Amino acid sequence: MADLLDLSARIIDSGLVDQPVNRVTNELSEIADGVAMVESFSHCVALQTGDGLVCFDASGVQTGQQVRDALRGWSADRVSHLVYTHGHADHVGGSTFFRDDAPTVVGHQAVATRLDRYAYTNNWNLLINMRQFGGIRGDMNLNVGDTGGGVDVKANPNARRFLPATTMRPDHVVGDHDTIDVGGLQMELHHARGETDDHLWGWLPQHNALTTGDFLIWNFPNAGNPQKVQRFPIEWAAALRAMIAKEPELLLPAHGLPIAGRERITRVLDDVASALENLVAEVIAMMNAGATLDTIVHTVKVPADTLAKPYLRPLYDEPEFVVRGVWRQFGGWWDGAASRLKPSPDAHLAAAIAALAGGADVLLHRAEQAMSDNDQRLACHLADLAGWAAPDDPAIHEGRAAIYLERRKSESSLMSKGIFAAAARESQAVVDRYGPATNG
Ligand SMILES: [Zn+2]
């Protein structure tokens, strides 16, 4: 049993991360008297009551069985209440393995809408998670990172469902807030938008404890995911402020380490809230001043010392994507460049530019030059143009794949790494189809 509070105190107080903070061990640690956490993809936070266990989140479908087994090693009690902090697959998919307990499932009223949406857009969700979590080969091994897990397609090719059909739906539905007593344990549940529109965070007055769900993920907030639906960074920050006002002594997150001590918890929540508030304020100020998205994306930055904090590193999402998310939340999808309102097809534009340049190979060569000049953003534009202009040319696509693999290496966030790896696979497929490039 790891002393997680000790570990988090040392890491937060020193600012040094000398070991992983987002661990998927599927092991249970007792955090306080009657309070335990199974570290998984997402965690399960369990509380003993006079009437069985209350669990916050069920983890995902791949880890749910191990999580339920770990709970059994701690308590023989049945799970009487399963509370969803939100409806992401890695928080609810494991409920399949809680069915025998016949728990009351508690969740925000928007969880059901989310589960319906996952069914409606099943393959889309499989595809985007393949990109986000697929790594360099595109495997669906999801034991990394954070939210939005799905089925293990590689291990079980028939399991083409983003969420198992056996996922339990909430039967105790919460609107704005609710207070529930389970066997003498009092829980306040508060709705707030943040990473999702269906989030609940909990306050347990007898433990002076918060259950934060994904409002704290020990990474820069997942508030700008490029492939997923709208996130709500300013509401996220407001929820963190409401949590601070509870004067918590214990914080139990769904990802990362639990935290003890009011001053330490306040500092962490305030740092995350401030990072989001400052970013949103800068974007909105520029939008109000009439700036284009292009100007805003290349102007608004989060200070390096903020991003260096152990719980704000951009290893999952990143600030640039949150900037775009704010634009989308308060504006529309159009970025302010007139030609991109109703653009030419990418291939048509690329063919014209390649003809001007003297061929797709000239564009690719210039892209490779930009890579060696360390202008990777420019290099990727030119590599895309070359690829679009020569969709069947293995030599061009071999070069494009190499550029994206190189780009992937220098990115910090899982989301960028995933998308750039997918671009390399796209070009590698052309090489595989049309044979390796011949020299000369
Ligand atoms: Zn999560």
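**Sheet and cores of a predicted chain**

Colleague: In which order do the strands of the open sheet of 7 strands stand?

Modeller: In this predicted model, the open sheet has 7 strands with mixed pairing. Strand 1 (28-32) and strand 7 (172-174) are its edge strands, each pairing on one side only. The twist from one strand to the next averages 20°. The order of the strands is 1-2-3-4-5-6-7.

Colleague: Which residue of strand 7 does Val106 stand opposite?

Modeller: Strand 6 (residues 104-108) and strand 7 run parallel and are joined by 3 bridges. In strand 7, the residue opposite Val106 is His172.

Colleague: Which helix gives the most to the largest nonpolar core?

Modeller: The largest nonpolar core holds 92 residues, and Cys55, Val272 and Leu276 have the most contacts inside it. Beyond its neighbours within four places in sequence, Val272 is in contact with Leu216, Pro221, Leu240, Tyr311 and Leu312. With 11 residues, the element that gives the most to this core is helix 7 (residues 262-288).

Colleague: How many residues does the second, separate core have?

Modeller: Leu382, Ala383, Ala401 and Ala424 are included in this second core, which is separate. Its number of residues is 25.

Colleague: What is the radius of gyration of the protein chain?

Modeller: The protein chain contains 15 helices and 13 strands. For 440 residues the globule rule gives 22 Å, and the value for this chain is close to that, so the chain is as compact as a globular protein of that length. The radius of gyration is 23 Å.

Colleague: What share of the residues of the protein chain count as buried?

Modeller: A residue is buried if 20 or more other C-beta atoms lie within 10 Å of its own. Of the 440 residues, the share that count as buried is 48%.

Notes. Residues are numbered from 1 along each chain as its sequence is written. This is a predicted model: local features need pLDDT of at least 70, side-chain atom pairs count only at pLDDT 80 or more; totals for chains, interfaces and linings use all residues. Helices (H or I, at least four residues) and strands (E, at least two) are DSSP runs, numbered from the N terminus. The radius of gyration is taken over C-alpha atoms; the globule rule is 2.2 Å times the number of residues to the power 0.38. A residue is buried if 20 or more other C-beta atoms lie within 10 Å of its own, exposed if 12 or fewer, and partly exposed in between; C-beta atoms are placed from the backbone. A nonpolar core is a set of buried Ala, Val, Leu, Ile, Met, Phe, Trp, Tyr and Cys residues joined through C-beta atoms within 7 Å. Two residues are in contact if their C-beta atoms, placed from the backbone, lie within 7 Å. Two strands pair if DSSP finds at least two bridges between them. Axes are lines fitted to C-alpha atoms, for helices over the stretch in contact, and angles run from 0 to 180 degrees between N-to-C directions.
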